[in-house]
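Biologist: Got a minute to go through this one with me? Let's put it up on the screen.

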Amino acid sequence: MIVADEPVSALDVSIQAQILNLLKDLQEQQNLTYIFVSHNMSVIRYISDRIAVMYAGKLVELGPKQELLAHPKHPYTELLLAAVPRAIDRRRGHRIVTPGEPPDLAHLPSGCVFRPRCKYAHDRCAEEEPELRELAPGYHVSCHFAEDLSLGGVVPRVKSFPA
Ligand code: SF4
């Protein structure tokens, strides 16, 4: 198993693609497992089989790539996916910014840590911290209302990088 922490973040996109393809080839040849840490959703979408989403040091969603990208269950994942640059936005020079500010880790909000940025928050979210719970076999989420929300995702299949 190899832990790779932001291994391509400082590289030019064409070099990123070469490194990612090399990692994929090595994984197949050597039967490797990667824990791949990245803030770049395009990279994650290309390299991952399963995705774990973290917010303020907490795991908020974990599941198979196809399901998580197409049908996210946590509002923070939805925000992250909305910020994935699309080809038409790149051509027009648009940059989609995730609204709100990350919390001060020394003064986390009560209840759900994502509450100040969550447009789906209810009173319960301020009073009770959601547990990471299994919604379906192999799929975990930490949101009180995960079953009730209908969140937007992205097309999960990516054949080449950049996506
Ligand atoms: S528990 Fe509440 S505040 Fe937290 S992500 Fe879910 S809806 Fe939003």
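Modeller: Sure. One bit of bookkeeping before the pocket: Ala, Val, Leu, Ile, Met, Phe, Trp, Tyr, Cys and Pro count as nonpolar, Asp, Glu, Lys and Arg as charged, and the others, Gly among them, as polar. Also, keep in mind that this is a predicted model.

Biologist: With that, how many residues in the lining of the largest pocket are nonpolar?

Modeller: The pocket holds about 780 Å³ of space, and 21 residues line it. Five of the lining residues are polar and two are charged, so by that class list the nonpolar count is 14.

Biologist: Which element gives the most to that lining?

Modeller: Strand S2 (34–37), H2, S3 and H4 each give two or more residues. Ala52 is among the residues closest to the pocket centre, and strand S3 spans 50–55. With five residues, the top contributor is S3.

Biologist: Now the largest nonpolar core: which residues touch the most other members?

Modeller: That core has 25 residues. Helix H2 (41–47), S3, helix H3 (65–70), helix H4 (75–82) and strand S6 (139–141) each supply at least two of them. The two that touch the most other members are Leu69 and Phe114.

Biologist: Leaving out residues up to four places away in sequence, what does Phe114 touch?

Modeller: Tyr55 falls within the S3 range, 50–55, and Leu79 within the H4 range, 75–82. The full set is Tyr55, His74, Pro75, Tyr76 and Leu79.

Biologist: And what share of the chain counts as buried?

Modeller: Buried means under 20% relative accessible area. Across the 163 residues, the share is 37%.

Technical notes. Residues are numbered from 1 along each chain as its sequence is written. This is a predicted model: local features need pLDDT of at least 70, side-chain atom pairs count only at pLDDT 80 or more; totals for chains, interfaces and linings use all residues. Side-chain values use heavy atoms; hydrogens and water are left out. A nonpolar core is a set of buried Ala, Val, Leu, Ile, Met, Phe, Trp, Tyr and Cys residues joined through side-chain atoms within 4.5 Å. Buried means under 20% relative accessible area, exposed over 50%, partly exposed in between (1.4 Å probe, protein chains only). Helices (H or I, at least four residues) and strands (E, at least two) are DSSP runs, numbered from the N terminus. Contact means heavy atoms within 4.5 Å. On a 1 Å grid over the protein atoms alone, a cavity is a set of points where a 1.4 Å probe fits but cannot get out, and a pocket is an open set with protein on both sides within 12 Å along at least five of seven lines; lining residues have an atom within 4 Å of a point. Grid points are joined across faces, edges and corners, and a volume is the space filled by probe spheres set on the points.
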